[in-house]
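Biologist: Please put the model on the screen. I will ask about its fold, its surface and its charged pairs.

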Amino acid sequence: MMSNLGLRYITSILIIGPPRSGKTALINHVAKHLGVQIINYKDPSISITDNAVIHVPNLDKAINEDLNHITRLLNIAKAKHLVIVFESSNPWALDPNFIKKSIDVVIPVLPAPDGYVNEIIQNKLKVSNNRDQEIIRGIIKTCPAVEAIEKIRLYTSSGDGASIICEDVFRKYQDFTQSLVFK
């Protein structure tokens, strides 16, 4: 049906981003929203499961442990029309041929869009001071999610903005994704 509609069925997704950026939270949120079960990639019941997402939280480690198991998972996912979601904080450690051959789509975890950041700052955090808004905006736009929360708490409790902004780690993940060419 998908091919008749001119659509490609997506079996394998690789979500990349810095550690603590929300990759697993994203997967859990989407699965809950869609009402599908998440199965750990080591779970032996995968071969008999329907309507589930297979989750591999650290693809580079999983491949190093057992590439054959990952290959079997991909075959099961394709045969049963399941989705397998891989995560990686270090996609550069992955074989580019494996990615091009085995992954249907790569999704980088990026900072929140400006409009949402402004909503968080003004409506959720209730920050009105322009300087504070700019510092918190910088934290949200450059830090992985969990680290951003910690740094915002630190900043709001101390008022010290020195060295609170993160290095922009998101750009390299976006660049990596754009460097891939899929069929």
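The questions and answers below go from the whole chain to single residues.

Modeller: This is a predicted model, so local features need pLDDT of at least 70 and side-chain atom pairs count only at pLDDT 80 or more, while totals for chains, interfaces and linings use all residues. Residues are numbered from 1 along each chain as its sequence is written, and side-chain values use heavy atoms, with hydrogens and water left out.

Biologist: In what pattern do helices and strands follow along the protein chain?

Modeller: Helices (H or I, at least four residues) and strands (E, at least two) are DSSP runs, numbered from the N terminus. The protein chain holds 7 helices and 5 strands. Read along the sequence, their pattern is β-α-β-β-α-β-α-β-α-α-α-α.

Biologist: What percentage of the residues of the protein chain count as buried?

Modeller: A residue is buried under 20% relative accessible area, exposed over 50% and partly exposed in between (1.4 Å probe, protein chains only). Of the 183 residues of the protein chain, the buried share is 40%.

Biologist: What share of the contacts with a separation of 6 or more joins residues 24 or more positions apart?

Modeller: A contact means heavy atoms within 4.5 Å. Among the contacts of the protein chain with a separation of 6 or more, residues 24 or more positions apart account for 67%.

Biologist: Which residues of helix 4 are buried, and what helps to cover them?

Modeller: Helix 4 covers residues 114-124, and its buried residues are V117, I120 and I121. They lie on the same side of helix 4 because they cover an arc of only 90 degrees around the axis; the arc is that of the directions from the helix axis to the C-beta atoms. What covers these buried residues includes helix 5 (130-142).

Biologist: Which residue takes a positive phi just after helix 4?

Modeller: The phi in question is about 55 degrees. The residue just after helix 4 with this value is K126.

Biologist: How far apart are the closest N and O atoms of R20 and E150?

Modeller: A salt bridge is a side-chain nitrogen of Lys or Arg within 4 Å of a carboxyl oxygen of Asp or Glu, and a search of the whole structure finds 6 of them. R20 sits in the loop between strand 1 (12-16) and helix 1 (23-34), and E150 in helix 6 (residues 145-158), so this pair links distant parts of the chain, 130 residues apart. R20 is partly exposed at 43% relative accessibility, and E150 is partly exposed at 41%. In their salt bridge the closest N and O atoms are apart by 2.6 Å.

Biologist: Which residues are linked with K61 in a network of salt bridges?

Modeller: K61 and E65 are 4 residues apart in helix 2 (residues 59-80), which means that about one helical turn separates them. Their closest N and O atoms are 3.9 Å apart. K61 is partly exposed with a relative accessible area of 48%, as is E65 with 44%. The residues linked with K61 in the network are K42 and E65.

Biologist: E134 and R137 meet in a salt bridge; is R137 buried or exposed?

Modeller: Both residues lie in helix 5, 3 residues apart, about one turn of the helix. The N to O distance of their salt bridge is 2.4 Å. E134 is exposed, with a relative accessible area of 52%. R137, at 17% relative accessibility, counts as buried.
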